[in-house]
Amino acid sequence: MSWIEAIVLGIVQGLTEFLPVSSSGHLRITSAIFFDQDAGASFTAVTQLGTESAVLLYFAKDIWRITRVWVIGIWDSSVRSSLDYRMGWYVIIGSIPIGLFGFLFKDQIRTAARNLWLVATTLIVFAFVLAFAEYWGRQTRRLENFTLRDGIVMGFAQAMALIPGVSRSGGTLTAGLFLNLTREAAARYSFLLAIPAVVMSGVFSIPDVFDTSGGGSIPSGAQMIVATVIAFAVGYAAIAWLLRYVAHHTLYVFVLYRVALGSLVLALLLTGTISAT
């Protein structure tokens, strides 16, 4: 991997991780168009450690409060009715689907799921699903009204993002809107829900990043660190922007962007400009 590739992919990861546009799909597309190779699923997973570090920092107070109340609640039943205690369980239970499917379909996620025909198609198809959710969702429920059912549904929606092009944040936001949650409530739970799965995936993927048997571009340790740090810095800014944006704007701009990008990739594939694999 060249230094310019590592830097560009780090920036792309930071910019797109929290937007409903699929960061893994963007890294796959960027690699194909500009560097004529696939940086791989492991590179994506490890750079996500940078963006999740941004989540940990940005939501540090919320995470500490939820964790503390959850631990206390295991022994003290008087706090179990609080939102923080329940949110701790909602994040744990909501993380199970992506962990299970990620383990069962690990090989397919790293190979067949990265085919650009699939990436482009899912970008477009799930753009329309997001549009329907934005249109039909009543957005009458705030985070205080969050239930276990919401956590489970959004957990399965997050698991769908194992396919590049679906988008983890896009899937959870879509599910949240269909559940009549406000965009801001769905986004906040989405950030918290991502922490266990993304951190575990990134940690376990570190050895695979430097495995030369899979082909593609292999970063050095220094390049991997720089890309992850860049993803952290850019991602931190993206969190603040997205929370402000979803509080006052619809998600239709992301729908149009996904359709445009997916259509561009399909055109490049049809003309043979880029390879699907």
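These legends accompany views of a predicted model, going from the whole chain to one helix and two single residues.

**View 1. The whole chain is built from helices.** The secondary structure comes to 13 helices and zero strands, so reading along the sequence gives the pattern α-α-α-α-α-α-α-α-α-α-α-α-α. The radius of gyration is 18 Å, close to the 19 Å that the globule rule gives for 277 residues, so the chain is as compact as a globular protein of that length. If you would like a frame for the picture, the C-alpha atoms fill a box of roughly 60 × 40 × 35 Å along the principal axes.

**View 2. Inside and surface of the chain.** Of the 277 residues, 52% count as buried. Look also at how the chain meets itself: among contacts between residues at least 6 apart in sequence, 78% join residues at least 24 apart. On the outside, the chain exposes about 12500 Å², with carbon and sulfur atoms supplying 70% of that area. The charged side chains number 18 positive and 15 negative, and the centres of these two sets lie 8 Å apart.

**View 3. Helix H5 and its cover.** Helix H5 takes in residues 83–94, which makes 12 residues. From its first C-alpha to its last, H5 reaches 15 Å, close to the 16 Å expected at 1.5 Å a residue. Follow the helix along and you will meet its buried residues: Asp84, Tyr85, Met87, Gly88, Tyr90, Val91 and Gly94. An α-helix has 3.6 residues a turn, so residues three or four places apart point the same way. What covers the buried residues of H5 includes helix H4 (60–75) and helix H6 (96–104). Helix H9 (148–159) and helix H11 (183–209) are also among the elements that cover them.

**View 4. Thr172, a buried residue in helix H10.** Thr172 sits in H10, the helix of residues 168–178. Its relative accessibility is 0%, and Thr172 therefore counts as buried, the cut-off being under 20%. Which residues does Thr172 touch, leaving aside those up to four places away in sequence? They are Met154, Ala157, Gln158, Ser190 and Leu193.

**View 5. Arg138, an exposed residue in a loop.** Here we turn to the loop between helix H8 (116–136) and H9, where Arg138 is found. With a relative accessible area of 59%, Arg138 is exposed, because exposed means over 50%. Thr182 makes a handy second landmark for this view: Arg138 and Thr182 are 44 residues apart in sequence, and their C-alpha atoms are 7.9 Å apart in space.

Conventions: Residues numbered from 1 in each chain as written. Predicted model: local features only at pLDDT ≥ 70, side-chain atom pairs only at ≥ 80, totals over all residues. Heavy atoms only, no water. Helix = DSSP H or I, 4+ residues; strand = E, 2+ residues; numbered from the N terminus. Expected span 1.5 Å × (residues − 1). Buried < 20%, exposed > 50% of the residue type's maximum accessible area, 1.4 Å probe, protein only. Contact = heavy atoms within 4.5 Å. Rg over C-alpha atoms; globule rule 2.2 N^0.38 Å. Areas by Shrake-Rupley, 256 points an atom, 1.4 Å probe, with all protein chains shown as cover. Lys, Arg positive; Asp, Glu negative; His and termini not counted. Charge placed at Lys NZ, Arg CZ, Asp CG, Glu CD.
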